[in-house]
Amino acid sequence: MSKLGILGRSGVPRSNEGMRLVFSAAIGVMLGYLFGISFPTVNITKLHFPSSVISYIEDRNSGITTQTLLNHAWTFAISKKRNSSDSNSDEIPKIYVPTNPKGAERLAPGIVVSETDFYLRRLWGEPSEDLTSQPRYLVTFTVGYSQKENIDAAVKKFSENFTVMLFHYDGRTTEWDEFEWSKRAIHVSVRKQTKWWYAKRFLHPDIVARYEYIFIWDEDLGVEHFNAEAYIELVRKHGLEISQPGLEPDRGLTWQMTKRRGDQEVHKVTEERPGWCSDPHLPPCAAFVEIMATVFSRDAWRCVWHMIQNDLVHGWGLDFALRKCVEPAHEKIGVVDAQWIVHQVVPSLGNQGKAENGKAPWEGVRARCRKEWGIFQTRLADAEKAYYLERGITPPNSTV
């Protein structure tokens, strides 16, 4: 009897435990069913659980019960349903700024930096304390090491207001460190290229935007009678956007326009040989400088850079087209006589050519120059003709 009594008493708890399990299962099924029919559009994979739930998932010893987890999800689902009329209310608006530079439309304007410079910075310390000076002008020379003495003399004519940049067509760069200024200069080395090839690829207007004037010079220029700061003062005084120093008339002179005049600070017009100038306001009698020692204002360079052709590396013909970038060109293009230079006519880059068919390297380079001039003239004329025709305008007889 005693054993039966014991069995009877022990059977009651087991029966109650089974009932609780059945009851819990039934409640779980009912909750799942109600949850499913009430929120058929809720995507469980898109439920964003509160941080407390995430913490529970990351730490299962937190003590949060399954019921608490369901309560959090249930509360979020109800909130989601109530706000369904405003489908984007729970999403961060995407950034799109069409006035940003191309390709940066998805960035907030405050983080966009569309321009840069050649200022050298440290690898340590506070970025705001890097620059002890910020040069206002840029001078570039396309050089070979054989002209080092000439370039050394030229660079010394430019003050600390200038960033100095050397384009090395002979691949020799480290040797230049014998000059103290070279250690602060920017060096770009690509073998057997011209200054216009370098300018197109390394002097984009957004890269040189900090500089008020950009000097793009050859390596064979005598600068005994030249001072860069004084030159800029005269350029500003006479409103020149594109200019060059006057040339010593004894040698290296091609055009009368670039010949130095001893009785003037600046000249903007000249007389050429009979028949060379159909209009006194057009090249080569006005609105004209050569490409050996050209100086551009920031705004003028932004236009000229876009006119340089990728495949026409010598720049021949560009001097006749510079007038397209300023208006009125015959007033804003000129030669500074009071600061003058000597063209030494050293064919160092020409010797970087290749001897073919019994011709010297420089002869092949010169033939390429002439060919490029013709190609450039044709492209410019065709482009302007197409522009006018697309707008139903009869093209002028000649725009080149």
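## A walk through the fold, starting at α5

Six of the eight residues of α5 are buried, so this helix is largely enclosed by the rest of the structure. Buried here means under 20% relative accessible area, while exposed means over 50% and partly exposed covers what falls in between, with a 1.4 Å probe and protein chains only. Helices are DSSP runs of H or I with at least four residues, strands are runs of E with at least two, and both are numbered from the N terminus.

Before going further, some ground rules. The model is predicted, so local features need pLDDT of at least 70 and side-chain atom pairs count only at pLDDT 80 or more, whereas totals for chains, interfaces and linings use all residues. Residues are numbered from 1 along each chain as its sequence is written, and side-chain values use heavy atoms, with hydrogens and water left out.

**The chain as a whole**

You're looking at ten helices and nine strands. Of the 400 residues, 37% count as buried. The accessible surface comes to about 24,200 Å², and carbon and sulfur atoms hold 53% of that; these areas come from the Shrake-Rupley method with a 1.4 Å probe, and for residues only the protein chains shown count as cover. Take the contacts with a separation of 6 or more: 70% of them are between residues 24 or more positions apart. Contact means heavy atoms within 4.5 Å.

**Two enclosed helices**

Back to α5, residues 195-202. Its buried residues are Lys195, Trp196, Trp197, Tyr198, Ala199 and Lys200. What does α5 pack against, and at what angle? The partner is α7 (residues 298-307), at an angle of about 110° and with the axes 10 Å apart. The axes are lines fitted to C-alpha atoms, for helices over the stretch in contact, and the angles run from 0 to 180 degrees between N-to-C directions.

The two helices are therefore roughly perpendicular to each other; that label covers 65 to 115 degrees, with under 35 counted as roughly parallel, over 145 as roughly antiparallel and the rest as oblique. The crossing of α5 and α7 is left-handed, meaning that the near helix is turned anticlockwise from the far one by less than a right angle (clockwise would make it right-handed). Trp196, Ala199 and Lys200 make the contact from the α5 side, and Trp301, Trp305 and His306 from the α7 side. By class, that gives four nonpolar, one polar and one charged residues. Ala, Val, Leu, Ile, Met, Phe, Trp, Tyr, Cys and Pro count as nonpolar, Asp, Glu, Lys and Arg as charged, and the others, Gly among them, as polar.

Helix α4 (residues 148-155) is likewise largely enclosed by the rest of the structure, because six of its eight residues are buried. They are Lys148, Asn150, Ile151, Asp152, Ala154 and Val155, and what covers them includes β1 (137-143), β2 and β5 (221-222).

**Loops worth a look**

Here are some loop residues with their accessibility.

| Residue | Loop | Relative accessible area |
|---|---|---|
| Arg172 | between β2 (162-168) and β3 (186-189) | 36%, partly exposed |
| Thr258 | between β6 (242-247) and β7 (266-267) | 0%, buried |
| Ala287 | between β7 and β8 | 0%, buried |
| Val345 | between β9 and α10 | 44%, partly exposed |
| Val346 | between β9 (333-343) and α10 (361-390) | 30%, partly exposed |

Which residues does Thr258 touch, once its neighbours within four places in sequence are left aside? Thr258 is in contact with Gln244, Gly246, Leu247, Leu253, Glu290 and Val335. With the same exclusion, Val346 is in contact with Gln147 and Asp220. Val346 also sits 8.4 Å from Glu219, C-alpha to C-alpha, with their positions 127 residues apart in sequence. For Arg172, the C-alpha atom is 9.1 Å from that of Arg191, which is 19 residues away along the chain.

**Backbone oddities**

If you're checking torsions, start with the prolines. The Pro283 to Pro284 peptide bond is cis, with omega near 0°, and Pro284 is found in the loop between β7 and β8 (293-297). Glu327 and Pro328 are also joined by a cis peptide bond, with omega about -5°; Pro328 lies in the loop between α8 (318-321) and α9 (329-332).

Then there's phi. Ala287 is not a glycine, yet its phi is positive at about 50°. Val345, another residue other than glycine, has a positive phi near 55°.
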